[in-house]
Amino acid sequence: MQNKMQVLVNKRHGRSIRDLLFFVLFYLYFWLEVELHFMFYAAGKLFDFPVFFQGWDFFRDFLVYPGGLTEYTASFLAQLYYYSLAGAAVITLLAWLLSISTNMIIKAFNVSLLRPIRFVGPVLLLIMYSQYTSYIILTIALLLALLFLCIHIKITRKNKFVIIIVFIESAVLYYLAGGAFLLFILLCAVYETFLRNRLLHGILCVFLAIGIPYIIGVRIFNLYPKDAFSNLTIFLWKTVLFQDRAIINPSVYILYSFVPLVILLKGLWHLLRAVLPSPGFGYTKITTIMLSLKKYILWYTNAGIVKWSIDSLPLILIIAGSIYFFKNNERKAEFEIDYYVYNKMWPNVIEVTERYPDKLLAVHSSNLALFHTGRLGYDFFHFNKTHQSLGMLLLHTAPYKEMHWNKANIYLEVGPINHAYRFLAIALDHYGKLPAILERMAFIHMIKGDNNSAKVFLNSLKRTLFHKDRANHYLSLLESDPTLSTVEDIQYYRKLIMPKDRLFFYRDERIDKIMLELLENRKNRAAFEYLMSMYLLAKEPQNIVKNIYRLKDLGYDRIPRLYEEAILIYNNATKKETDLHNYRINPESLKRFKDFNNIWKRHKYDKKTAFSDLKEFADDSYLFYYLYGVPEKR
Amino acid sequence: MRRYYRHLFAIVVLIIISAVISHYVLSTNKILIDSFVSVNRAVKIRPDYTSMVIPPNIAPLNFVVKESGTKYYVNIHSEKGDPIEIFNKNPKIIIPQKQWHKLISLNRGNKLIIDVCVKGQDGKWKRYNPIINNISLEQIDPYIVYRKVIPTYWHSLATIAIYSRSLSNYEERLVLDNSSFSIDCLNCHAFCKNDPDKMLLGIRSYEEHGPSTVLLEDDKLTKIDTKIGYTSWHPSGRLAAYSMNKLQMNYHIARQEARETIETQALIAYYNLDTKTVKTPEELSVKERLETWPAWSADGKYLYFCNAPILWPETKGVEFIKVPEYYEEVKYNLSRISYDIEQDKWGQLETIVSEEKTDMSVSMPRTSPNGRWLSFCMTDFGYFPCWNPTSDIYLMDLKSGQKTGQYNFHKLQLSSDKSEGWQSWSSNSRWIAFSSKKDYGVFTRTYFSYIDDDGKASKPFVMPQKDPEYYDSCLETFTVPELITGPVKTTPFQLGSTVRAPATIKVDIPITLATPKAGGTTEYEPWRERE
């Protein structure tokens, strides 16, 4: 038995089992915990999230510039995030290839002691995805550079035509992976100069590093010189220029630099050893120490499963630490919300917001969810408890200027459809032809009755991998019923469009003015509830009272609780009875108001001392908000 | 030696097998339609390539038969030459280029007949009424240059690119895109008398290289340190008139086309290539008026342009922060002013189309190279027709106008209930290329129409593509089509390098837009329109 175990855990098998276990767990983590399908829907939140269309036309466009084929492959693979199961397989495959190519390079450079470095790539991927960032194009480009180096090492060992081979490899790799080729040529230069002692070849590599991008990139493919050298690298200038697209994850930089760093160090060590005359005191001392530890080292080397376990421990610790320290659950929540909003899974939106009530965009989306579940007039103050709430409501203030996608969602619901269109067009412009944007665009044009535009968006959507059915569904509807009279959603939103057109300048529009305009013209429940929420937040109960007459027209059975509380505050302050237009205040609300007042009275109307009791009693009420406002202002 | 024979034998066998297979495939593909049912209506095809006039040098008009069936047979024939027969299981009809060109070039002035038969699910063939098109005697210019961009309006990462396209095949070549210099915008391209070797190209680069204009003269490229607006070359090629506009982007709250651009200030300047100077004639830079869309007459003796009074208070250089008052009442006249190029002297100003008479607004005038026609757009208000669905193209006979003093005009039949604009004349004055939204909503496409001696336009057809379904899912608009007589020879690399390099020609602008006054410098022009 002992012998069998010994065999099982001998060096090679031990490593293989460790690798296998690592990648199985890696896959399960991505599939079940990261849940890549949330990333697929994260419109505009991911740098480097490519779009993919079926067909020759789309493919052809990638052939005409260096790095295009890498981008095409990455575009295809990124679509598989749509299914978490498949997406996890893609990332695991990339991680595994990174690991074996790193291992091979390390072996070739005779730094076998640093073999655990093969896990650095996969761990960095794990960190990146735990932070909900995806750099799949850069990862594939890097992988290609490393794989080409492996090929180079393999075929140039006993080959005389190294110069020709390097030249061909460089040209092919540059065409395939663009600027990532520079990494390959740098490593090649180190390998040829220090490991193979072929200085001439090393110098050639340096020339190729400049010449290949210039000749192929600039001269043949007409790239902007900066792009010719930086495309598909971490130094792409566009990522620096645009804040929302900047590479902010240091893991990407480490991913790109850890192999060259190790190799450079090895090269330098090699150089130093050649320069130093003979092993000096240091060597002797180290050798003596090693000899004295020989017994223990021998024991450890043959310790079988114990050694395997001890060897594996740092890896386990690093992985656990990476997940613990880098897992960004808040960002995941953002992605989850986008996914749920896109699929109209309103209770899920609220559930995520319960977990992150301080996350402003979650609160924004939860308002939408509350509206759709008929709870906005009741539970609005369950979430909206910060001074940014007013801005968050319709995303109309400066800090949220980049949230084009979310803005489009809210304006579609509230009514000014061309506002929604404008923001969606900007999203299309900024983030590309993502399926979710195309579908939304088609939907907006169908509402507007612009079937010709809608069809172009739908035909484009039809060419994506996973939205074909949705596109075909709408296309067949447009074919059979061009007015879409039977499509409830479309009819609902059409009824919200203003009957009379006018021009607006986006910097000049007061959002409450638009809402009132929408209400004057249409039975628009969303505009009404959002406007009332604005009045609540602005502590204007008089405006709530002024608009109560609209309830009947909008089909309300009763006055929503928060409006009742506003009316009671107003009545109490003015000592007048409000005309409730045949509605009445719910006894429960009356009792709650009385009880609230009693608690306050008990504290002799001292806001400070009454705070905890009132908070406990009615934290989510308008009464509490009216009295105390948001935490920052208390 | 034996090995050699073995290889030879293998090759011969392979050739024989290939020949047998090819013959089998080809012969089985051909079907004899011995009986069919006649359907007394036109076959539905997309794009609509029916009842129109086509140039004898146009690329094959590939189409999709929009009738359900299991097999499709198309026969294209005319008076002379061999007919083209296509058998397909697919409704996508791709016409062989060589045969097509042979057929249409042989049959100038004749009818081109397209017979379509469709085999239904019941196994019976249906034959529809033939499609009849006319082949014109006159060719269209062999190349066209246009800009492709997604239909939005934001300074962005999106690619904005200018392409040249051969009209006798489908080859599209990049002239320049914004990734060649930065992610900024590139604007209108203007050619002198359809000459591909004489071009002006506006660059709106704010990030690094500054607003500029690239001038192409034969093989020489120069960068001028000012951005030009809508440009028209003097036929002598010695100067170019252009507009300087201050524009404001607005949105309609409910209209189907959301966008609206309002010109808040505008004037016309001209750049002299010999003296390398810019001048702003007094008559074309009146402080209280908006002067825009310059267009030289074919003889260079007149400059046509559009103008309207400014109806809102002076802004003193501050950008508008609200929709300008009475914007819907701004209607542009079409005027002209005489010019003597030798003395550089401007003459009398005349109003040719008055908004008082038409209650419409004129924009985008273009004169035909033979000097006979003046085409222009008219809309219910405003200066920018591309976002205005009321925009139609009109035609004026200048020659008869000069004789009678009456400048009459008529709406061209090619107009639809959607926006039409950006018309460009072919060098023989027989064809116009123009932009229209008639078939693809917000996605503007390029169409062609034949103008006969009486000024009547034939039914327009969309620029053909190899894949007849290309436009159905193409998310880019095709705008500013300019017909030219040959390919643009300069490469994107050369153009990009010119944009990136420092300007070689520095000009002083005598008047700026902010507060029209002497001695100002070039200023930032916040253009927002892209179509």
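This report describes selected features of chains A and B in a predicted model.

Residues are numbered from 1 along each chain as its sequence is written, while chains are lettered from A and ligands numbered from 1 in the order in which they are written. Since the model is predicted, local features need pLDDT of at least 70 and side-chain atom pairs count only at pLDDT 80 or more, whereas totals for chains, interfaces and linings use all residues; side-chain values use heavy atoms, with hydrogens and water left out.

**Chain B as a whole**

The secondary structure of chain B comes to 5 helices and 34 strands, where helices (H or I, at least four residues) and strands (E, at least two) are DSSP runs numbered from the N terminus. Of its 531 residues, 59% count as buried, a word that stands for under 20% relative accessible area, with exposed meaning over 50% and partly exposed in between (1.4 Å probe, protein chains only). Among the contacts in chain B (heavy atoms within 4.5 Å) with a separation of 6 or more, 61% are between residues 24 or more positions apart. Chain B exposes about 21600 Å², of which carbon and sulfur atoms supply 51%; accessible areas come from the Shrake-Rupley method with a 1.4 Å probe, and for residues only the protein chains shown count as cover.

**Strands of chain B**

An open sheet of 3 strands runs in the order β2-β4-β7 (chain B), with antiparallel pairing. Strands β2 (45-46) and β7 (92-93) of chain B stand at its edges with a single partner strand each, so one side of each is left without a neighbour in the sheet. Two strands pair if DSSP finds at least two bridges between them, and the table lists three such pairs together with one residue pair from each.

| Strands | Sense and bridges | Opposite residues |
|---|---|---|
| β4(B) (residues 63-65) and β7(B) | antiparallel, 2 bridges | Val64(B) and Lys92(B) |
| β1(B) (residues 36-42) and β9(B) (residues 125-129) | parallel, 5 bridges | Val37(B) and Lys126(B) |
| β8(B) (residues 111-119) and β9(B) | antiparallel, 3 bridges | Lys119(B) and Trp125(B) |

The hairpin of β8(B) and β9(B) has 5 residues between the strands, and there Gly123(B) takes a positive phi near 85 degrees.

**Backbone details in loops of chain B**

Arg46(B) and Pro47(B) are joined by a cis peptide bond with an omega of about -5 degrees, and Pro47(B) is found in the loop between β2 and β3 (53-54) of chain B. Lys193(B), although not a glycine, has a positive phi of about 50 degrees; it is placed in the loop between β14 (185-192) and β15 (195-204) of chain B, and is exposed, with a relative accessible area of 58%. Ser429(B), also not a glycine, has a positive phi of about 60 degrees and sits in the loop between β30 (420-425) and β31 (431-436) of chain B, but Ser429(B) is buried, with a relative accessible area of 3%.

**Helices of chain A**

Helix α5 (residues 68-79) of chain A has 12 residues and reaches 17 Å from its first C-alpha to its last, close to the 16 Å expected at 1.5 Å a residue, a span reckoned as 1.5 Å times one less than the number of residues. Because 10 of the 12 residues of α5(A) are buried, this helix is largely enclosed by the rest of the structure. The buried residues, including Leu69(A), Tyr72(A) and Leu77(A), pack against α3 (37-40), α4 (56-62), α6 (84-108), α8 (136-156) and α9 (162-177) of chain A.

Leu25(A), in contrast, lies in helix α2 (residues 11-34) of chain A and is exposed, with a relative accessible area of 55%.
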